[in-house]
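Trainee: Please take me slowly through a single part of this model, namely its paired strands and whatever lies against them. I would like each term explained as it comes up.

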Amino acid sequence: MSDGQDPMNAEGMAHTPPEGGVDTSHGPILYLENVSVSFDGFKALNELTLYVDDGELRCIIGPNGAGKTTMMDVITGKTRPDAGTVFFGQTLDLARLSEHEIASAGIWRKFQKPTIFLAHTVFENLELAMQADKGVWASLRACLSAEQRDRIDEVLALIGLIGQRGLRAQSLSHGQKQWLEIGMLLMQNPRLLLVDEPVAGMTHQEMDRTAELLTSLAGRHSVVVVEHDMDFVRSIARKVTVLHEGSVLAEGSMDQVQSDPRVIEVYLGA
Amino acid sequence: MSMLSHGIVRTLLESDRGGRIFLLILAAVALAIPVANLVIPESSSLHLSAYTVTLLGKYLCYALLAVALDLIWGYCGILSLGHGAFFALGGYAMGMYLMRQIGDRGVYGHPELPDFMVFLNWQELPWYWYGFDQFWFALLMIALAPGLLAFVFGWFAFRSRVTGVYLSIITQALTFALMLAFFRNDMGFGGNNGLTDFKDILGFNLQSDTTRVALFLLSALALALGYLVSRYIVNSKLGRVVVAVRDAESRARFIGYRVEHYKLWVFVFSAVLAGIAGALYVPQVGIINPSEFSPLNSIELVVCVAVGGRGTLYGAVLGAVLVNYAKTWFTTEFPEVWLFALGGLFVLVTILMPQGIVGLFARLRGRAAARKSAESGAGEAT
Ligand SMILES: Nc1ncnc2c1ncn2[C@@H]1O[C@H](COP(=O)(O)OP(=O)(O)OP(=O)(O)O)[C@@H](O)[C@H]1O
Ligand SMILES: [Mg+2]
């Protein structure tokens, strides 16, 4: 709680998903339409409209204060929009759901600072994050089934930490910690994964691995990545959205975006 | 059945070297002490006096109490500065049973009322003393009284997310308040004299050597079982969740664990364990009075666990035995120095051995292993 990132301040922990799955029959899994958020009159988000397709890997860039983090706060229910609509699929109005309900609907977020359980092994971290009965009594009697082990192994392979499975999380490198945290989110089988500045502080090698990891997630999960590092965003080479002063300035491939004169003016050209 | 439990114990201790060593020593002591007291004649220098047997039995009770604290402090990260209260409550429940066992053999010879009630001119037994003439009822209360207090206290404290220093202070206040309450004569627990002059337990004379040895053995058994059940808990997924709560509470909550429930149940279990320790302690020392609620007792207990090394369970046992042995020695040789020694010990351990004696051993072993692997050559490493 000390890190000030506790998004779970609601009392109840009902992890029952809202009735019905996520309806993505029209393509997008996430709809942000004319969303505005202001803090003391300052518009952090200004009529933001943004769609993310199901299975898409989307990069969001933008100068400091453009509203990227605020946008994630709105999606996860941490901040409520003053105006506009936020929908998950066709039917789930995120503005009406609690943070818990949003998480159980399948939207999970990775914060900048990795918060993993340092005294536990990599394997145990994933075990703890696994979808299961989380009651006290169930935990006392819990015993991993073969399927659950397979699922953990699968995620271990995905995040490239098979060799480190028995290692305590505290002995991992910075990059490995970030991957482990992504792995913990994957154990929740998220539909939409929000990742805020994943490569800050990483070595180049780790950045490449992270790009690979995020790319491999696309398809099975929808992923939205906020990142400042241009080389990293280019290496992912997907659709890029540029935010500026709370709204979308440009959208397209990295090359398109970079040659857009407005983008050059406010951001890249600086 | 016994095969099954044998199998469970084996898996429990598989990766618990310290636990295996501790249980082996405990078993050896449990075999040797009765022989040394009951079989070896008093004329022999190997004979162990009943006094020593009881003293060792007391250490075992403290060790069980320390295991209870380690569970909640070392694993769950909740520093309880009032665990002595649960110990004392269990002790009072046992004391009430022993009191009723006295029957009409008290100084005043009243057929029903304990001496202190006759002295206070009470005419009849208060309702909360009903049932304590039955051993099974006393056993129930030994678990229920501390368990219920821990439940109510934990329910409010953990739900309102009281943590850290604040929680420690409240637990300390809790035991202090109970001490003041039990000091009052009109509470009906014997006031500052407490409950004493016990005669027998289940019909066995408390002064006889065999009863003392039996109580000692029961304490050893309780310690071993308490240790194994605690080990089972910390080895289970519940144990891993609890450590996760200790290290990153909001994160554990975020991935769906109801943190307050976990804290509550470990706290309640720990309190019950402490109560059992207190119940075994009282017939051995022959008295229970409000000073058992003294905040200092709870602090001493924290020092025990810190000295031994928290978060290992067997470290708590080691610390409890060492610190209490030191206390016995100091209070007979230099009684006025004990508190300074205790304080100094705590400061030293906190600064020099944050993981306690057990941590020190682990570090030395790690260093030795590193040296050995360096000698055997790094050729195998890829
Ligand atoms: N809780 C808040 N109260 C007041 N102002 C806020 C709050 N949260 C964000 N802001 C302001 O809103 C604007 C957008 O902030 P946001 O954190 O979304 O930007 P960002 O794009 O994530 O920037 P960065 O690249 O620095 O992370 C900033 O000017 C910030 O100061
Ligand atoms: Mg930000």
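Mentor: Two strands are said to pair if DSSP finds at least two bridges between them, and the strands themselves are DSSP runs of E with at least two residues, just as helices are runs of H or I with at least four, both being numbered from the N terminus. By that criterion S6(A) and S7(A) are paired in the parallel sense, with four bridges between them, and within this pair A:Ile107 has A:Leu192 in S7(A) opposite it. Residues are counted from 1 along each chain as its sequence is written, while chains are lettered from A and ligands numbered from 1 in the order in which they are written. The model is a predicted one, in which local features need pLDDT of at least 70 and side-chain atom pairs count only at pLDDT 80 or more, whereas totals for chains, interfaces and linings use all residues, and side-chain values rest on heavy atoms, with hydrogens and water left out.

The pair just described belongs to an open sheet of six strands with mixed pairing, whose order in chain A is S6-S7-S8-S3-S9-S10. Strand S6 (107-110) and strand S10 (247-252) of chain A are at its edges with a single partner strand each, so one side of each has no neighbour in the sheet. From one strand to the next the twist averages 20°, where axes are lines fitted to C-alpha atoms, for helices over the stretch in contact, and angles run from 0 to 180 degrees between N-to-C directions. Further along the order, strand S3 (residues 57-61) and strand S8 (residues 222-226) of chain A run parallel and are joined by four bridges, and A:Arg58 has A:Val224 in S8(A) as its bridge partner.

Although S6(A) is an edge strand, both of its faces are covered, since A:Ile107 and A:Arg109 on one side, and A:Trp108 and A:Lys110 on the other, are all buried. Buried here means under 20% relative accessible area, exposed means over 50%, and partly exposed lies in between, with a 1.4 Å probe and protein chains only.

Two helices lie across this sheet. Helix H6 (residues 174-186) of chain A lies across S6 and strand S7 (192-196) of that chain, at about 170° to S6(A), and helix H7 (residues 204-217) of chain A lies across S3, S7 and S8, at about 145° to S8(A). Among the residues that A:Leu180 touches, leaving aside those up to four places away in sequence, are A:Ile116, A:Val122, A:Leu126 and A:Ile159, contact meaning heavy atoms within 4.5 Å. In the largest nonpolar core, of 176 residues, A:Leu180, A:Leu193 and A:Leu214 are among those that touch the most other members; such a core is a set of buried Ala, Val, Leu, Ile, Met, Phe, Trp, Tyr and Cys residues joined through side-chain atoms within 4.5 Å. Another core, of 29 residues, lies apart from it and includes A:Val22, A:Val35, A:Leu94 and A:Val226.

Two loops beside these strands deserve a look at the backbone. Most residues other than glycine have a negative phi. A:Asn189, in the loop between H6 and S7 of chain A, has a positive phi near 50°, and at 40% relative accessibility it counts as partly exposed. A:Glu245, in the loop between strand S9 (240-244) and S10 of chain A, likewise has a positive phi, near 45°, and its relative accessible area of 56% makes it exposed.

For contrast, chain A also holds an open sheet of four strands in the order S2-S1-S4-S5, with antiparallel pairing. Its edges are S2 and strand S5 (92-93), each having a single partner strand, so one side of each is left without a neighbour in the sheet. Strand S1 (residues 28-39) and strand S2 (residues 42-53) of chain A pair over eight bridges in the antiparallel sense, with A:Val37 opposite A:Leu45 in S2(A). S1(A) and S2(A) form a hairpin with two residues between them, and A:Asp40 in the turn has a positive phi of about 50°. Helix H1 (residues 68-76) of chain A lies across S1, S2 and strand S4 (83-88) of chain A, running at about 115° to S1(A).
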